Amino acid sequence: MWVFDATPLVYLAKAAQLHLVANLEGQCYVPQEIHTEVVTTGLEAGYTDARRIQQCIESGLFEVITADNSPLESRLQQNPNLSDADVAVLECAGSRDAIAVMDEAYGRTTATVEGIETRGTAYIVLLCAKRGHITVSEARDTIDSMIEAGWYCAPDLYTKLVRKLEAFDQ
């Protein structure tokens with residue numbers, strides 16, 4: 001199971017590559033807080049990526065879920081560096097023994113401390129290329145499109161991603 005934060009949803013949608021998550025094993029979830037932040041607010045603002053995400057939810061690619069008011073959620077809410085959306089992603093992943101898909105370093109560090117497995121947006125793209133769901137060229141185009149749309153990727157990480165993709169071609 002996979003629980004998605006806003007950034008992976010938005011940038012895969014901006015690159016028109018949300019369909020890649022269909023290649024993940026297990027159900028893909030979007031916490032209600034993320035849905036409100038990304039879809040509801042995004043549609044009101046006229047963002048096309050919000051409509052793409054909404055279409056994927058309507059088609060069943062993602063299921064919208066709510067947090068469970070668990071002790072984990074209570075503990076995470078006490079952290080002033082986590083947004084309500086971050087708390088929801090981590091709580092939903094933790095309570096369902098799912099993987100939190102998020103790019104933010106602080107959220108990922110918090111997840112590690114809480115014993116929650118994380119993956120980032122780039123992982124999904126690389127995994128799909130490695131498994132042959134997309135070509136290496138398509139994977140690189142996806143990463144480049146996300147960067148052009150505003151997704152932050154440090155230069156050293158970009159270099160590592162390109163090297164991994166090149167290794168898949170050999």
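Which residues in α1 meet which residues in α7? Let's work through that and a few more exercises on this predicted model, where local features need pLDDT of at least 70, side-chain atom pairs count only at pLDDT 80 or more, and totals for chains, interfaces and linings use all residues. Residues are numbered from 1 along each chain as its sequence is written, and side-chain values use heavy atoms, with hydrogens and water left out.

**Exercise 1. Describe how α1 packs on α7.**

Step 1: Find the partners. Thr7, Pro8 and Leu12 in α1 meet Thr121, Ile124 and Val125 in α7; contact means heavy atoms within 4.5 Å. Helices here are DSSP runs (H or I, at least four residues), as are strands (E, at least two), numbered from the N terminus.

Step 2: Sort them. This contact has 4 nonpolar, 2 polar and no charged residues. Ala, Val, Leu, Ile, Met, Phe, Trp, Tyr, Cys and Pro count as nonpolar, Asp, Glu, Lys and Arg as charged, and the others, Gly among them, as polar.

Step 3: Get the geometry. Helix α1 (residues 6-14) and α7 pack at about 50°, their axes 9 Å apart. The axes are lines fitted to C-alpha atoms over the stretch in contact, and angles run from 0 to 180 degrees between N-to-C directions. So α1 and α7 are oblique to each other; under 35 degrees counts as roughly parallel, over 145 as roughly antiparallel, 65 to 115 as roughly perpendicular and the rest as oblique.

**Exercise 2. Do the same for α7 and α9.**

Step 1: Helix α7 (residues 121-130) and helix α9 (residues 155-168) pack at an angle of about 10°, with axes 10 Å apart. They're therefore roughly parallel.

Step 2: From α7 come Ala122, Leu126, Ala129 and Lys130, and from α9 Leu161, Lys164, Leu165 and Phe168. That splits into 6 nonpolar, no polar and 2 charged residues.

**Exercise 3. Classify the aromatic pair of Phe4 and Phe62.**

Step 1: The whole structure has 2 aromatic pairs. Rings of Phe, Tyr and Trp (its six-membered ring) pair if their centres lie within 6.5 Å; planes under 30 degrees apart count as stacked, over 60 as edge-to-face and the rest as tilted.

Step 2: Phe4 and Phe62 sit 5.2 Å centre to centre with 85° between the planes, an edge-to-face pair.

Step 3: Place them on the chain. Phe4 is in strand β1 (residues 2-4), while Phe62 is in the loop between α3 (48-58) and β3 (63-65), 58 residues apart.
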